[in-house]
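Hi,

Here is the structure I promised to pass on. Have a look at it first, and my notes on the pocket, the cavities and the cores follow below.

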Amino acid sequence: MRLLLIGPPGSGKGTQATFIAERYGVDHISSGDLLRRHVASGSAIGRAAAACIDRGDLVPDALVMDILRKPVEAASRRGGYILDGFPRTVAQAEAAYRVAEPLGASVRIALHLSVSREELTRRLLHRGTQTGRTDDTAEVIAHRLDVFAASTAPLLDYYAARETVISVDGEQPVEDVTRAIADELDRARRRLGIALPPQRDADDPRSAPASDAAPSAAR
Ligand code: AP5
Ligand code: MG
């Protein structure tokens, strides 16, 4: 199964992707996590991406495609994937089709988490005090939310014309969002005839989430 998780900053993409990956036996691939690993490792990609991330701007499409290609190809050969934070522009969505189609990848579902701007700001300001993520400051949060509205939200119409789009209220407590997603995905999966993959063996190293993998482009 291939899932795209589309939601504004702080909507719970990372939180919910972890549950979904486990339930459906797919890899959780977070473009933001992969980019932050590159920044931390000081790779060429990390050095090129750091300033964009700190400003809350999108990293250039070519860099993002570069780091995602290998994890997406590897996940496609296995149970599939949930992409968290990618695509973020129509240009990225079109590039993603060009990568996925030769792999004979299965049906795609776009899962949209909707949360009010006030709640998103509250969550991210709070996280900023806990984790020190460099882009969780009031000014950068506001810019990230504007970038989402201008560049990423149009993807919802783009996918509505091509794939199954599921929208879930992400403003509920975490467990309620998880339950709503599971219900919606099970319904969509049955409607689209997508079988559940076998559960992965926790001891199998190939079962490690792709977002935990070493930065591919640093090699
Ligand atoms: P990315 O890492 O993708 O960040 P983001 O989209 O800004 O989203 P976050 O990770 O902040 O939030 P989330 O939706 O994952 O929510 P979370 O579960 O953490 O991207 C960062 C940057 O990398 C971008 O700005 C850009 O520069 C670059 N980038 C990444 N992908 C790119 C791409 N494809 N193209 C170009 N550039 C790219 O939850 C947030 C907080 O809320 C947590 O504290 C959590 O505990 C809490 N929370 C979650 N759910 C709930 C709930 N239901 N109720 C209460 N609290 C909740
Ligand atoms: Mg995230």
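Let me start with the pocket: α2 contributes the most to the lining of the largest one, with 5 residues. Bear in mind that this is a predicted model. The volume of that pocket comes out at about 870 Å³. Its lining runs to 40 residues, and those closest to the centre are Gly 10, Lys 13, Arg 127, Arg 133 and Arg 144. Besides α2, the elements that put two or more residues into the lining are α1 (13-24), β2 (27-30), α6 (117-131), α7 (138-152) and α9 (174-192). If you sort the lining by class, you get 17 polar, 12 nonpolar and 11 charged residues.

Next, the enclosed space. Searching the whole structure turns up 2 cavities of 30 Å³ or more. The largest holds about 100 Å³, and its lining has 10 nonpolar and 2 charged residues, with no polar ones. The elements giving two or more residues there are α4, β3 and α5, and α4 gives the most, with 4. Among the lining residues are Leu 4, Leu 68, Leu 83, Phe 86 and Arg 108.

The second largest cavity has a volume of about 40 Å³. Here the split is 5 nonpolar, 3 polar and 2 charged residues, and β1 and α7 each supply at least two of them. Lys 13, one of the residues closest to the centre of the largest pocket, also lines this cavity. Phe 86 is another of its lining residues, and Phe 86 lines the largest cavity as well.

Now for the packing. Nonpolar side chains tend to be buried together in soluble globular proteins. In this model the largest nonpolar core has 32 residues, and the members touching the most others are Ile 29, Val 59, Leu 68, Leu 83 and Tyr 159. At least two core residues come from each of β1 (2-6), α2 (31-41), α3 (44-55), α4 (61-77), β3 (81-84), α5 (90-100) and α8 (154-160). The biggest share is from α4, with 7 residues.

Leu 68 is a good place to zoom in. Setting aside neighbours within four places in sequence, Leu 68 contacts Ile 29, Ser 31, Leu 34, Leu 83 and Phe 86. Both Leu 68 and Leu 83 also line the largest cavity.

There is a second, separate core too, with 19 residues including Met 1, Ala 17, Tyr 24 and Val 168.

Cheers

Key: Residues are numbered from 1 along each chain as its sequence is written. Chains are lettered from A and ligands numbered from 1 in the order in which they are written. This is a predicted model: local features need pLDDT of at least 70, side-chain atom pairs count only at pLDDT 80 or more; totals for chains, interfaces and linings use all residues. Side-chain values use heavy atoms; hydrogens and water are left out. A nonpolar core is a set of buried Ala, Val, Leu, Ile, Met, Phe, Trp, Tyr and Cys residues joined through side-chain atoms within 4.5 Å. Buried means under 20% relative accessible area, exposed over 50%, partly exposed in between (1.4 Å probe, protein chains only). Contact means heavy atoms within 4.5 Å. On a 1 Å grid over the protein atoms alone, a cavity is a set of points where a 1.4 Å probe fits but cannot get out, and a pocket is an open set with protein on both sides within 12 Å along at least five of seven lines; lining residues have an atom within 4 Å of a point. Grid points are joined across faces, edges and corners, and a volume is the space filled by probe spheres set on the points. Ala, Val, Leu, Ile, Met, Phe, Trp, Tyr, Cys and Pro count as nonpolar, Asp, Glu, Lys and Arg as charged, and the others, Gly among them, as polar.
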